[in-house]
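Colleague: I am new to this structure. Could you take me closely through one part, the strands and how they are arranged into sheets?

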Amino acid sequence: MKQNYKEFLDIQNHLFSFRRLRNGELIDTVKNLPSTYTKSEYLVMFDNIQFIYELTLALLEAISLGIEFEINEELKIIKILNLPDKELAKKRLAYFKSVCEELTDYYHITQRNVTKSVNQYLTHWIYPYKGKFHPQMVRALINIIGLKEGDLLLDPFSGSGTAAVEAQLLGVNFIGIDISPLCVIQGKVKTESIYVLDEIKRIRKDIIRNSCYQDIVLGRYIEKISDDERVRNFYTLARLVAVSDNYRRKKNLVDSFFRNLDLMIRSVEDYYTLVRELKINLGQVRINLGDSRNIQLPDESVDGIITSPPYSIALDYVENDKHSLMYMGYNLSKIREEFIGVRGKGKDKIHLYNEDMKKSYREMYRVLKKNRYAVIIIGNARFEGKEIPTVEFTIRCMESIGFKLERNINKNIFGLYNIMKNENILFFVKEK
């Protein structure tokens, strides 16, 4: 990646050179393809790519696969100068829908979607968890930091399991850690259910046959539903989705359970079918309840880290999911003392967060192999009317441990406008 950095800067400058301002908005100066355009020579990006950071990541992942190219006036269509391995490019690229007129695997993956959101394909949509990763971005980051099939990716704040699904689809082994039992079950269900699909479908028939149409009956049935933990997790999460629907949207709990259960089964069927159609060699996934401040892994044992740490003061993860955590039987006061970023009040809260993150970053340094990358996606939130410089803190802390910041890409963020507008994608390398 170092070798290509100057090339990347040249590309980025080139990108800007094709844009100018009109009425305060950036627009492309040329819309038409060059007269020499031949589709078979081009990489074509997805139509929904619209931000500079997405274009930047798209070009970086192409570079990471050894593709040499030339940017023309149509920014989303890139002329290929040298393509070392077309099949590999089709198999791995995230921001491109076609390579030499042939559709990429990712194009086919994104078509398997039971929701209206383009990024909630396959099992990504299951459970309305706030602060999710962007799956397409994670897939590109895995490419950019050079992880190959069989390598091990760590996410010490695995959250809803987005990185787990994307690593699995690329054949990259994955280990996720999260302090929240709700997050652990989400990640497991999204990546393990394809292995027990037949049992999941058989039990659905049993539920209908036994007329489990009352919440209390349904709850008792789920407790003894199967000896296989993966099956129990699936049905437990289906009920948690219904609990969330009931709490947040006032939907009938039993109706919501059956509606979401059918959608979840359909999503797992899509996953199962897709893996066979595209002949995907799935990566192995482990997701454990654990603490990023004390990672239970040997020194220098992982090939890469991609993570988005908790947004300290931006999101209260305990309050946000209290209905589900209580349903799972957890004491909210006790669990709050274990979560990073929700302990304490005022300045003390920020101090505790920073100290916890220092411990987490030291653990990330310890378990990462030399010359490998740790990518952190994080932003500055507002607290009591002031912006908290979490990005600057993260860079200082990581560099003091021994990481070197190699790249810093600014990205837009949606859904947290009142407390956060932008995030930064920070690429750190462990040099020693």
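Modeller: Here is a walk through the strands, then a look at the core. Keep in mind that this is a predicted model.

Start with strand E3, residues 42-45. Its side chains alternate. Tyr 42 and Val 44 point one way. Leu 43 and Met 45 point the other way. All of these residues are buried.

E3 has a partner in strand E5, residues 77-82. The two pair in the antiparallel sense, over three bridges. Find Val 44 and look across: Ile 77 of E5 stands opposite.

E3 also pairs with strand E6, residues 96-99. Again the sense is antiparallel, and again there are three bridges. Here Leu 43 has Val 99 of E6 as its bridge partner.

Now follow E6 onward. Two bridges join E6 to E7, and these strands run antiparallel. Val 99 appears once more, with Glu 102 as its bridge partner in E7.

Put together, this is an open sheet of five strands. The order is E4-E5-E3-E6-E7, and the pairing is antiparallel. Strand E4 (68-71) and strand E7 (102-103) stand at the edges. Each has a single partner strand, so one side of each is left without a neighbour in the sheet.

A further open sheet has seven strands. Read them in the order E10-E9-E8-E11-E12-E16-E15. The pairing in this sheet is mixed. Its edge strands are E10 (285-289) and E15 (403-412), and each pairs on one side only. On average, neighbouring strands of this sheet are turned by 15 degrees against each other, direction ignored.

Look next at E12 (residues 368-378) and E16 (residues 422-430). They run antiparallel and are joined by six bridges. Ile 376 stands opposite Leu 426 in E16. Helix H7, residues 181-192, packs on the sheet. H7 touches strand E9 (173-178) and E10. The direction of H7 makes about 165 degrees with that of E10.

Finally, the core. The largest nonpolar core holds 138 residues. Those touching the most other members are Leu 57, Tyr 95, Leu 141, Tyr 235 and Ile 425. Helix H11 (residues 253-277) supplies the largest share of this core, eleven residues. Take Leu 141 as a place to stop and look around. Leaving aside residues up to four places away in sequence, Leu 141 touches Leu 57, Ile 306, Val 375, Ile 377, Ile 425 and Phe 427. In soluble globular proteins, nonpolar side chains tend to be buried together.

Conventions
Residues are numbered from 1 along each chain as its sequence is written. This is a predicted model: local features need pLDDT of at least 70, side-chain atom pairs count only at pLDDT 80 or more; totals for chains, interfaces and linings use all residues. Side-chain values use heavy atoms; hydrogens and water are left out. A nonpolar core is a set of buried Ala, Val, Leu, Ile, Met, Phe, Trp, Tyr and Cys residues joined through side-chain atoms within 4.5 Å. Buried means under 20% relative accessible area, exposed over 50%, partly exposed in between (1.4 Å probe, protein chains only). Helices (H or I, at least four residues) and strands (E, at least two) are DSSP runs, numbered from the N terminus. Contact means heavy atoms within 4.5 Å. Two strands pair if DSSP finds at least two bridges between them. Axes are lines fitted to C-alpha atoms, for helices over the stretch in contact, and angles run from 0 to 180 degrees between N-to-C directions.
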